[in-house]
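Reader: Please take a close look at one part of this model, the pocket and the helices around it, and explain the terms as you go.

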Amino acid sequence: QALEAFSKAIEINPQDAEVWSNKGIALGELGKPEQALEAFSKAIEINPQDAETWYNKGIALGELGKPEQALEAYSKAVEINPQDAEAWSNKGVALGKLGKPEQALEAFSKAIQINPHDAEVWSNKGIALGELGKPEQALEAFSKAIQINPHDAEVWSNKGIALGELGKP
């Protein structure tokens, strides 16, 4: 129903970037990332300085298995709004998928500077540290993630892996 409303709004004013962006969000929630991407691209064409739309475009690209393009979208989002912790976090995930753990670590660290209470970012930082052969630092990151959210089984598993690598079975 929201999608219908956004489509009607676009019929009335096709130059409203916010409506195009909202349509993209609705399409994404409906599991239609290709169509969402088209809507986000149209919104950016109208207003290229909307960091949130660049972020959402990155999500759609990630869902479509296009980490290089997602990285570009997240990079643009943090260029426009350097205080967007979620965009920094997703940029780190994209960098990790591209086999760039050092750069991913930098992005996760920036996200943590902005929002130190996000367990998922701490966990992702731990994964990047593990990939860089730094199990002690990875263990610290996983422990911080668990402190924030003690109910994440995957983080507990990653902590176990780090402990094993440190010779503490």
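Author: On a 1 Å grid over the protein atoms alone, a pocket is an open set of points with protein on both sides within 12 Å along at least five of seven lines, whereas a cavity is a set of points where a 1.4 Å probe fits but cannot get out; lining residues have an atom within 4 Å of a point. The model is predicted, and local features need pLDDT of at least 70, side-chain atom pairs count only at pLDDT 80 or more, and totals for chains, interfaces and linings use all residues. Residues are numbered from 1 along each chain as its sequence is written, and side-chain values use heavy atoms, with hydrogens and water left out.

The largest pocket is lined by 13 residues, and those nearest its centre are Gly58, Gly62, Tyr74, Val93 and Lys97. Two or more lining residues come from each of helix H4 (51-63), helix H5 (67-80) and H6, where helices are DSSP runs of H or I with at least four residues, numbered from the N terminus. The volume of the largest pocket is about 150 Å³, a volume being the space filled by probe spheres set on grid points that are joined across faces, edges and corners. By character, the lining of the largest pocket divides into 6 nonpolar, 4 polar and 3 charged residues; here Ala, Val, Leu, Ile, Met, Phe, Trp, Tyr, Cys and Pro count as nonpolar, Asp, Glu, Lys and Arg as charged, and the others, Gly among them, as polar.

Tyrosine 74 also belongs to the 1 aromatic pair that a search of the whole structure finds. Its partner is tyrosine 55, and the two rings are tilted, at 5.9 Å centre to centre with 55° between the planes; rings of Phe, Tyr and Trp (its six-membered ring) pair if their centres lie within 6.5 Å, and planes under 30 degrees apart count as stacked, over 60 as edge-to-face and the rest as tilted. The pair links distant parts of the chain, with tyrosine 55 in helix H4 and tyrosine 74 in helix H5, 19 residues apart. Tyrosine 74 counts as buried because its relative accessibility is 5%, and tyrosine 55 is buried at 13%, where buried means under 20% relative accessible area, exposed over 50% and partly exposed in between (1.4 Å probe, protein chains only).

Helix H6 (residues 85-97) also holds serine 89, which is buried at 7% relative accessibility. Leaving aside residues up to four places away in sequence, serine 89 touches Phe108, Ala111, Val121 and Asn124, a contact being heavy atoms within 4.5 Å.
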